[in-house]
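This report describes a single protein chain for a reader who has the sequence and coordinates at hand. The chain is shown below.

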Amino acid sequence: AQPNLRKHALISAGLSGATVILLRLFGVTAWPALVSGGLAAFALITLAMRGKAMLRPFALFHLGAAIVMVGIAVSATYKQEQRVELRPGESAEVGAFRVEYVEMTQQEEIERRRVSAKMLISRNGRAIATLWPEKHFYSETMVTTEIGLHSSLLRDIYVSLDGWDDAQKASFTVIISPALLWIWIGGFGVITLGVVFKLFTS
């Protein structure tokens with residue numbers, strides 16, 4: 001068992017090192033993301049080589065923790081936040097994305113006045129999402145903000161409407177947060193699954 005354990009450890013270490021090299025080749029330069037990616041790869045490869053042990057609760061705990069760790073490192077390192085001022089029809093580059101302000105609309109409702117901005121998000125000429133950040137006015141002193149959100153496995157894109165003038169020139173805050181969903185998947189998905197397995201197998 002001892003030689004097999006040593007063999008598995010060497011294989012896991014070698015493949016986790018290869019993972020770090022691949023991340024570096026793909027443009028990842030921040031050391032927290034590289035270290036977290038290498039550790040996560042080590043954990044995943046080790047669990048995969050243990051076969052049925054992958055289904056044990058403690059293995060799921062470790063897997064979930066590794067996913068959370070990578071998600072936090074990547075999100076914190078590569079998060080982008082930018083404030084832009086645009087007129088209708090204008091656009092701005094935020095990281096690798098183009099954010100276009102199309103129009104502003106206002107609606108008078110029974111209990112509130114709603115101001116919405118139509119925003120188009122694209123990358124390399126390909127449309128990704130249409131977002132509608134809003135302000136809700138219930139009175140002169142009670143105002144709420146509704147953020148426009150596009151969420152995917154790779155990243156979350158947030159757009160908030162900060163203010164505007166009579167000509168509808170508006171200011172926005174755009175936040176691009178990569179890998180944020182993986183924190184939820186690891187923390188509340190995989191780790192919760194491990195807790196459920198533990199409860200039903202103990």
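The text goes from the overall make-up to strand pairing, then to ring contacts and salt bridges.

## Overall make-up

The model is a predicted one. Its secondary structure consists of four helices and ten strands. Read from the N terminus, the order of elements is α-α-α-β-β-β-β-β-β-β-β-β-β-α. The protein has 202 residues, and buried residues make up 34% of them. Among contacts with a separation of 6 or more, 48% are between residues 24 or more positions apart. The exposed surface comes to about 12,200 Å², and 62% of this is supplied by carbon and sulfur atoms.

## Strand 10 and its partners

Strand 10 covers residues 170-178. Nine of its nine residues are buried, so strand 10 is largely enclosed by the rest of the structure. In a regular strand, side chains alternate between the two faces of the sheet. In strand 10 both faces are covered. On one side A170, F172, V174, I176 and P178 are buried, and on the other side S171, T173, I175 and S177 are buried as well.

Strand 10 pairs with strand 1 (residues 80-86), running antiparallel to it and joined by seven bridges. Within this pairing, E81 has I175 as its bridge partner. Strand 9 (residues 155-164) is also antiparallel to strand 10, with nine bridges between them. Here L161 stands opposite F172. Strands 9 and 10 form a hairpin with five residues between them, and in the turn Q168 has a positive phi of about 70°.

S177 is one of the residues of strand 10. The relative accessible area of S177 is 4%, which is under the 20% limit, so S177 counts as buried. Apart from neighbours within four places in sequence, S177 is in contact with S75, R155, D156 and Y158.

## The hairpin of strands 4 and 5

Strand 4 (residues 113-123) and strand 5 (residues 126-131) pair in the antiparallel sense, over five bridges. S122 stands opposite A127 of strand 5. The hairpin has two residues between its strands, and N124 takes a positive phi near 55°.

## Aromatic pairs and charges over rings

How many aromatic pairs does the model hold? The count comes to two. One of them joins Y101 and F172 edge-to-face, at 5.2 Å centre to centre and 65° between the planes. This pair links distant parts of the chain, since Y101 is in strand 3 (residues 97-108) and F172 in strand 10, 71 residues apart. Both Y101 and F172 are buried.

The other pair consists of F137 and W164, whose ring centres are 6.1 Å apart. Their planes stand at 90°, over the 60 degrees required, so this pair is edge-to-face. F137 belongs to strand 6 (residues 134-137) and W164 to strand 9, 27 residues apart in the chain. With a relative accessible area of 29%, W164 is partly exposed.

Two arginines lie over ring faces. R113 is over the face of F137, at 4.5 Å from the ring centre, and R123 is over the face of F97, at 5.2 Å from the ring centre.

## Salt bridges

Side chains of opposite charge can pair when their charged atoms come close. By the rule applied here, the model has nine salt bridges. The table includes three of them.

| Basic residue | Acidic residue | Closest N to O |
|---|---|---|
| R83 | E85 | 3.7 Å |
| R98 | E93 | 2.5 Å |
| R112 | E109 | 2.6 Å |

Is R83 exposed or buried? R83 has a relative accessible area of 54%, over the 50% limit, so R83 is exposed. Its partner E85, at 49% relative accessibility, counts as partly exposed. In the R98 and E93 bridge, R98 is partly exposed at 36% relative accessible area, and E93 is partly exposed at 40% relative accessibility. E109 is also partly exposed, at 31% relative accessibility.

Which residues are linked with R83 and E85 in a network of salt bridges? D162 and K169 belong to that network together with R83 and E85.

Key. Residues numbered from 1 in each chain as written. Predicted model: local features only at pLDDT ≥ 70, side-chain atom pairs only at ≥ 80, totals over all residues. Heavy atoms only, no water. Buried < 20%, exposed > 50% of the residue type's maximum accessible area, 1.4 Å probe, protein only. Contact = heavy atoms within 4.5 Å. Areas by Shrake-Rupley, 256 points an atom, 1.4 Å probe, with all protein chains shown as cover. Phe/Tyr/Trp six-rings, centres within 6.5 Å; stacked < 30°, edge-to-face > 60°. Lys NZ or Arg CZ within 6 Å of the ring centre and 35° of its normal. Pairing = 2+ DSSP bridges. Salt bridge = Lys/Arg side-chain N within 4 Å of Asp/Glu carboxyl O.
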